[in-house]
Amino acid sequence: MNQHEDRPDPKLQDAIRNLPAPTPDPAYRERTRKMFLGQTPFETERFDRAITARAWAWSAGALAAAAAIAVFFFSLPGAATWQVLDTASVGTVTVNDVEVPVSELVGAELLSGTRIRVGSEGELKLGVPGAVSFVLGPDTEVTVGSSKGLLGSPVLTAAIHQGTTWGTTGPDFPAAGFEIETAQADIRITGTTFAVLSDSDTTCVCVLTGTVEVTAKGTGESILVPPEQQLFVPTGDQPARLVGITSDQRERLMEIRQLVHSP
Amino acid sequence: MTEGESPRLSRQDDNLTPDDIQRVRERQPDALNAFFERYFNRAYGYVCRLVRDPDEAQDITQVAFMKIHRAVHTLDPNRDPTSWIFAVVSNTVRDYWRSKRYKQSRLDRPIEKTVIADNLTAEDDQNARDAARILSRALEELSEKLRAVVVLRDYEDLSYAEIAQVLGIAEAAARKRHSRALTELREAVERANRIEDKSQEP
């Protein structure tokens, strides 16, 4: 019998069970409880930003509501559908409320209206080979679709319900570009590697290469976000703020940039 | 519970009903508060045992609960959320281990503190205290992978199927890791006891 076959040890396991539990400092616990109840904002600046996912809060018809919807419109020549390109995750993904092992999704074409939710671990890569790649981060939910655009050309769409996505365009991407809309901003992308994060208070557009034109809904100002910069667009009439991207963001966006040429 | 079966709200000590979870999904304050009270200390204890640094454990647990807070609306009212909670916490710990800050902290400062078994009451006898101290130390010396399985199985009472879900591994792998962990713990405790016995010899 392999020495690592299941050999329970009730006495040892009881001893483990009876170990006293580490208890949190009461003041820290109370602070965190208030954050969890939404009474105060979460304070996690000490933690690496690269590992803190900013959630996107969505609701249907969100343009007039506090939550934001980001909608991507693509115009691509010929027949083009969303495909699952590859994945770095294990486990399952929920597709139209059905859990599916990720391994079964690679290479699959997604019908219009398919709703995908990535679990709290792993990622999922979607896109059109050579033209555009998107990575859905952990806890991200997206509905993909397609429709007819001007002159009957197929238009790919995606609505992000929650989570974070990163995108990059490739050599086959059309000059028309594509547009993203959130509650705070209209964003037009013309071939670049970028990330868009949005919640009920702020939209942040991070750009690695190319430029992205952002129109702040609150102030009406139009800003071109150049490479290696990120723009924070708050709700209301406060001005948008442009700062450099961090090394972690650059690293992540460079990884995304490779995706469009990946098999 | 058979392999592949989803965890159900059927545990003897589980008081969460589908209605409770639905209210959490709707972020009703009293439901969120009860949810926090139910899971926070458990999550904190789990993180402490994994990272062995109380300051980092505080940050990590807080980040995990931020993620949980943002995603509660995705909870399935008909499923026990325990394994999901621990999956989020485990992933947050894993992100920390991958972070530059963790790697730097290992270079700067070896972890010497024991975060377990420091709060036995005065009534506990000396032998029990020593035994707990030895076991705690042995648990700390396990690799993070093995320690996680032991804590989830023997402390948190999760099934192997749930542990597999939390850690993103196969159920058979969870069983093997648990078995290996118990073997290593047993050997470490026996070794420590032999050393203690020798040190007390006249």
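# Exercises on a Predicted Two-Chain Model

Strand 15 of chain A and strand 16 of chain A form a hairpin with five residues between them, and G220(A) in the turn has a positive phi of about 80°. This hairpin belongs to a predicted model, and the exercises below begin with its two strands.

## Exercise 1

**Task.** Determine in which sense strand 15 and strand 16 of chain A pair, and over how many bridges. Then establish which side chains of strand 15 of chain A are buried.

**Solution.**

Step 1. Strand 15 of chain A covers residues 212–216, and strand 16 of chain A covers residues 222–225. Their pairing is antiparallel and comprises four bridges.

Step 2. For V212(A), the bridge partner in strand 16 of chain A is V225(A).

Step 3. The side chains of strand 15 of chain A alternate between two faces. On one face lie V212(A), V214(A) and A216(A), which are buried. E213(A) and T215(A) point to the other face and are not buried.

## Exercise 2

**Task.** State how many residues of strand 10 of chain A are buried, and identify the residue that is the bridge partner of V135(A).

**Solution.**

Step 1. Strand 10 of chain A spans residues 165–169, and five of its five residues are buried.

Step 2. T165(A), G167(A) and T169(A) point one way, while W166(A) and T168(A) point the other way; all are buried.

Step 3. Strand 7 of chain A (residues 132–136) runs antiparallel to strand 10 of chain A, and five bridges join the two. Within this pairing, V135(A) has W166(A) as its bridge partner.

Step 4. For the wider setting, chain A contains three helices and 18 strands. Of its 263 residues, 48% are buried. Among contacts in chain A with a separation of 6 or more, 53% are between residues 24 or more positions apart.

## Exercise 3

**Task.** Classify the packing of helix 4 of chain B against helix 8 of chain B by its angle, and describe the residues in the contact.

**Solution.**

Step 1. Helix 4 of chain B (residues 82–98) and helix 8 of chain B (residues 160–167) pack at an angle of about 40°, and their axes are 8 Å apart.

Step 2. Because of this angle, helix 4 of chain B is oblique to helix 8 of chain B. The crossing of these two helices is right-handed.

Step 3. Helix 4 of chain B contributes S83(B), F86(B), A87(B), S90(B) and R94(B), which meet E162(B), Q165(B), V166(B) and L167(B) of helix 8 of chain B. By class, the residues of this contact are four nonpolar, three polar and two charged.

## Exercise 4

**Task.** Decide whether N91(B) is buried or exposed, and name the residues of chain A with which N91(B) is in contact.

**Solution.**

Step 1. N91(B) is located in helix 4 of chain B.

Step 2. The limit for a buried residue is under 20% relative accessible area. N91(B) has a relative accessibility of 5% and therefore counts as buried.

Step 3. Leaving aside neighbours within four places in sequence, N91(B) is in contact with S120(A) and E121(A).

## Exercise 5

**Task.** Classify the packing of helix 2 of chain A against helix 3 of chain B by its angle.

**Solution.**

Step 1. Helix 2 of chain A (residues 26–36) and helix 3 of chain B (residues 54–71) pack at about 15°, with axes 10 Å apart.

Step 2. Angles under 35 degrees count as roughly parallel. The two helices are therefore roughly parallel to each other.

Step 3. Helix 2 of chain A passes helix 3 of chain B in a right-handed crossing. The contact between them has six nonpolar, five polar and no charged residues.

Conventions. Residues are numbered from 1 along each chain as its sequence is written. Chains are lettered from A and ligands numbered from 1 in the order in which they are written. This is a predicted model: local features need pLDDT of at least 70, side-chain atom pairs count only at pLDDT 80 or more; totals for chains, interfaces and linings use all residues. Side-chain values use heavy atoms; hydrogens and water are left out. Axes are lines fitted to C-alpha atoms, for helices over the stretch in contact, and angles run from 0 to 180 degrees between N-to-C directions. Angles under 35 degrees count as roughly parallel, over 145 as roughly antiparallel, 65 to 115 as roughly perpendicular and the rest as oblique. A crossing is left-handed if the near helix is turned anticlockwise from the far one by less than a right angle, and right-handed if clockwise. Contact means heavy atoms within 4.5 Å. Ala, Val, Leu, Ile, Met, Phe, Trp, Tyr, Cys and Pro count as nonpolar, Asp, Glu, Lys and Arg as charged, and the others, Gly among them, as polar. Buried means under 20% relative accessible area, exposed over 50%, partly exposed in between (1.4 Å probe, protein chains only). Two strands pair if DSSP finds at least two bridges between them.
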